[in-house]
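Subject: Structure for you to look at, with notes

Dear colleague,

I am passing on the structure we spoke about, and my notes on it follow below. Please keep the model open beside the text as you read.

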Amino acid sequence: MAARTSALRSLARACGAVRRIHSSRVLADQAKIRAPIADALKVRQPQAMSVPKDMAQFDDADMAILHNLGIETDAVIHNARPGTLYDEALRYEKGSAILSTGALAAYSGAKTGRSPMDKRVVEEDTTIDDVWWGTVNMGLSEKSFSINRERAIDYLNTRPRLYVLDGFAGWDPEYRYKIRVITSRAYHALFMHNMLIRPTEEELANFGEPDYTIYNAGAFPANRATDGMTSGTSVSLNFKAKEVVILGSQYAGEMKKGVFTIMNYLLPKQGILSMHASANEGQDGDVTVFFGLSGTGKTTLSADENRKLIGDDEHAWTDKGVFNIEGGCYAKAIGLTREKEPEIWDAIRFGALLENVVFDTRTGEVDYDDNSITENTRVSYPLEYIPNVKIPAVGGHPKNIIMLTCDAFGVLPPVSKLTPAQAMYHFISGYTAKVAGTEMGVSEPTATFSACFGAPFMVWHPAKYAELLADKMAKHNVNAWLINTGWTGGAFGAGHRMSLKDTRAIIDAIHSGDLAKAEYENFPRFNLKVPKSCPNVDSQILMPNKTWTDQTEFERMSTKLSALFKDNFEKFKDGCSEDIKAAAPE
Ligand SMILES: Nc1ncnc2c1ncn2[C@@H]1O[C@H](COP(=O)(O)OP(=O)(O)OP(=O)(O)O)[C@@H](O)[C@H]1O
Ligand SMILES: O=C([O-])CC(=O)C(=O)O
Ligand SMILES: [Ca+2]
Ligand SMILES: [Mn+2]
C-alpha cells in the first residue's frame, strides 16, 4: 500500500493530476504534494525565463509577403523549424500526434493519393506550343485559373494562421529554382521543409522573390461550376504566372509532384532530361538511375547500405551528370519493417512526417500493416536522415540505368539486359501493372502504360524526353536493364511478389559487374536477354515460364501482355525509328 501510494504521489507530482486521486490516505497527503507543485509552477512562469526568439515570429516582413498577395491574417509562420511546425500541427490540426519514434503523424482528409484527373495546365500564349495537350495535360483557361486562384486566396484569407515555406528545387545551383509554398496547414509546411532543398540561413536571407509560388488551399474545394472543373478537387499550373493552385485535396504529394511538373517543363527546354527516377552512387563513384512508376521500387531499392543515396524520386541529367531535384524522400510506409527496409525505418524519427498511418494511441506505435485509411501511407524525411547519403545530392553520368516494372501478370523476367533500342521502347511504353483490387481472389491485373515512367508529370511530348535519354545514353555508353519487381510463379492471385532479397541480389550483381559478364539466353516473344545465372539468386527463377506450373496459362498471359504492349505503342509509332519499333514484343 505504501509503495502504491508513493507511486501515485510521484505520478501526481509528475502530471499534476492531484484531483483524480481519491484514496483517503493520499488526500491527507495532498497538502504536502501541492506545495512542491506550486513551487514548480512558479518556476515555470514565463516572465521568470528568458525566452529565445523563435524563427516563427510574426514580423512585418512576413506579414508583407502575404499582404502583397492580398492575404491578411493574424499570424504568418514563415520558414519555421520542424519543432515549431510540430507545435502548430498539434495545436490546430485534428489527429496530429507525436509518435513513439518522435515522428509527427498527420492526416490529409478525404484525398489520400494524387488526383491526376483533376490536374490542369493553363493554356496561355508563352507555352501553348510546347505542351503535349491531351489526357495528361488538360488545358484550363486563364479565366478559370484566376477564379481558382482567387478562391484559394479567399479561403486563405479566412484562416487566422498561415504558413509560408521557401526552398529550392534542384541541387545543381545552375539549374535551381526558388519555390514558395503558402498553406493553411503546418503539416504541409513541414512536408515541404523536408521535400524541398533547405536553404542555408544566408540563402534564406537573400531569398528575394520566388520563381514559383504554390497556393495550397487544399482544405477548401474548387467550385464545380467553374469552367473546366469536373470535381471539387483541382491542381492547376500556370507557367506564365509561375503559380500552382491547389483546391480540394490536402494530400501532400500534390505539392511535390507540382514542383516536379514545373521542372519537367523548365529543364527539357534547356536540353536537360528530367526523370521520374531514383539514383544512387557506388564507392567508385558509379551512378545508377532507377526509373519506375509509383510502387515499383524506386525508393526501396535506391536505399542500399553499400551505396550512397542521391535521391529517391525526381532527378535531372545534365552535361555534368545527375542531380536530385528534391531535399527529401517520400517513402511508402505500408508493410514497412526494419528487417526489410532498415534505412527507411531508421529515418522515421523527429522531423519525419507520417501521413495517414494508424497508430496505437497508448504506445504511439504505428501499425504499418494497417491500410484502413489508405494503402498509400507515406513518410517524408530529409535526405540526410538516410545514413549513407550524397550531399550535395549530385553525381556523375550514370553507368547503369534500371527500368523497374511491377508486372502483376508474372510474365516479365526478374532481370533482362536491354539493347539501346529496347531501352527506348520500354521507356516510351512505361509499363507497370496494378493489382485489380485488394480483395482476395481477384486474379486479373490491370496494365498501366505511362510514358517515360511518369506521364502524369510530363509536360512535353514523350518524344522530347525519349530523345534526350537516347542521346545521353549513347554519349555515355550506359548499360540498360529491365527489372520486374512484381509477380513470379504465376500472376497476381496465383504467384507471389518477387522477394526483395532476390531483387536486391540482382541489383548487387549489376553493380559488381557480374551480371554484365553472365551468359544470356533469349526470352521468347519479348526477345529479352535473360542471364542464365546470377550470384545469390536461384537460377530457376530467372526464366519466368520455369516458375509457372501451368505452361498453357503462362502462354496465355504472355500473349495477352505482349498484345497490350503493342496496342499501347500504336500512338507512338509514327515518331519512332525502325530499330525502336523492332524492339516491340512479337
Ligand atoms: N521485390 C521488390 N522490389 C521492390 N519493392 C518491393 C519488392 N517486393 C515488395 N516491395 C514493396 O513494394 C513497394 C515499392 O515502393 P516504393 O516506395 O519503392 O515505390 P516508388 O517506386 O518509390 O514509388 P513512388 O513514385 O510512388 O514513390 C514497397 O512497399 C516495397 O516494400
Ligand atoms: O507523388 C506521389 O504521391 C507519390 C509518388 O512519388 C508517385 O506517385 O509517383
Ligand atoms: Ca518513392
Ligand atoms: Mn514518384
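Which residues line the largest cavity? Before the answer, please bear in mind that this is a predicted model, and that everything below was computed from it.

The largest cavity is lined by Arg114, Ser115, Pro116, Lys119, Val235, Glu254, Lys257, Gly258, Pro456 and Phe457. Its volume is about 60 Å³, and the count of cavities of 30 Å³ or more comes to 2. Helix α8, which spans residues 253–269, gives the most to the lining of the largest cavity, with 3 residues. Sorted by class, the lining of the largest cavity holds 4 nonpolar, 2 polar and 4 charged residues.

The second largest cavity has a volume of about 50 Å³, and the residues lining the second largest cavity are Phe168, Ala169, Met192, Met195, Leu196, Lys256, Val259, Glu314, Ile325 and Glu326. Two or more residues of this lining come from each of β6 (161–169), α6 (186–195) and α8. In the second largest cavity the lining divides into 7 nonpolar and 3 charged residues, with no polar ones.

As for the fold around these cavities, the protein has 16 helices and 28 strands. Of its 586 residues, 57% are buried, and among the contacts with a separation of 6 or more, 71% are between residues 24 or more positions apart.

I looked at two sheets. One is an open sheet of 8 strands with mixed pairing, in the order β1-β6-β7-β8-β10-β9-β4-β5. Its edges are formed by β1 (75–78) and β5 (139–140), each of which has a single partner strand, so one side of each is left without a neighbour in the sheet. Within this sheet, strand β8 (residues 212–217) pairs with strand β10 (residues 243–247) in the parallel sense, over 5 bridges, and if you would like a pair to find on screen, the bridge partner of Ile214 in β10 is Val244. Helix α6 packs on the sheet, where α6 touches β6, β7 (177–183) and β8, and the direction of α6 makes about 15° with that of β6.

Helix α4 (residues 82–92) lies across β1 and β6, and runs at about 140° to β6. Which residues of α4 are buried? They are Pro82, Gly83, Thr84, Leu85, Tyr86, Glu88 and Ala89, and the buried residues of α4 pack against β1, β2, β3 (104–106), β6 and α6. When you look along the helix, it may help to recall that an α-helix has 3.6 residues a turn, so residues three or four places apart point the same way.

The other is an open sheet of 5 strands, again with mixed pairing, in the order β2-β3-β17-β18-β16. Here β2 (97–98) and β16 (328–332) stand at the edges with a single partner strand each, so one side of each is left without a neighbour in the sheet. The pairing of β16 with strand β18 (residues 378–382) is antiparallel and runs over 5 bridges, with Arg378 in β18 as the bridge partner of Lys332.

With best wishes,
A colleague

Notes:
Residues are numbered from 1 along each chain as its sequence is written. Chains are lettered from A and ligands numbered from 1 in the order in which they are written. This is a predicted model: local features need pLDDT of at least 70, side-chain atom pairs count only at pLDDT 80 or more; totals for chains, interfaces and linings use all residues. Side-chain values use heavy atoms; hydrogens and water are left out. On a 1 Å grid over the protein atoms alone, a cavity is a set of points where a 1.4 Å probe fits but cannot get out, and a pocket is an open set with protein on both sides within 12 Å along at least five of seven lines; lining residues have an atom within 4 Å of a point. Grid points are joined across faces, edges and corners, and a volume is the space filled by probe spheres set on the points. Helices (H or I, at least four residues) and strands (E, at least two) are DSSP runs, numbered from the N terminus. Ala, Val, Leu, Ile, Met, Phe, Trp, Tyr, Cys and Pro count as nonpolar, Asp, Glu, Lys and Arg as charged, and the others, Gly among them, as polar. Two strands pair if DSSP finds at least two bridges between them. Contact means heavy atoms within 4.5 Å. Axes are lines fitted to C-alpha atoms, for helices over the stretch in contact, and angles run from 0 to 180 degrees between N-to-C directions. Buried means under 20% relative accessible area, exposed over 50%, partly exposed in between (1.4 Å probe, protein chains only).
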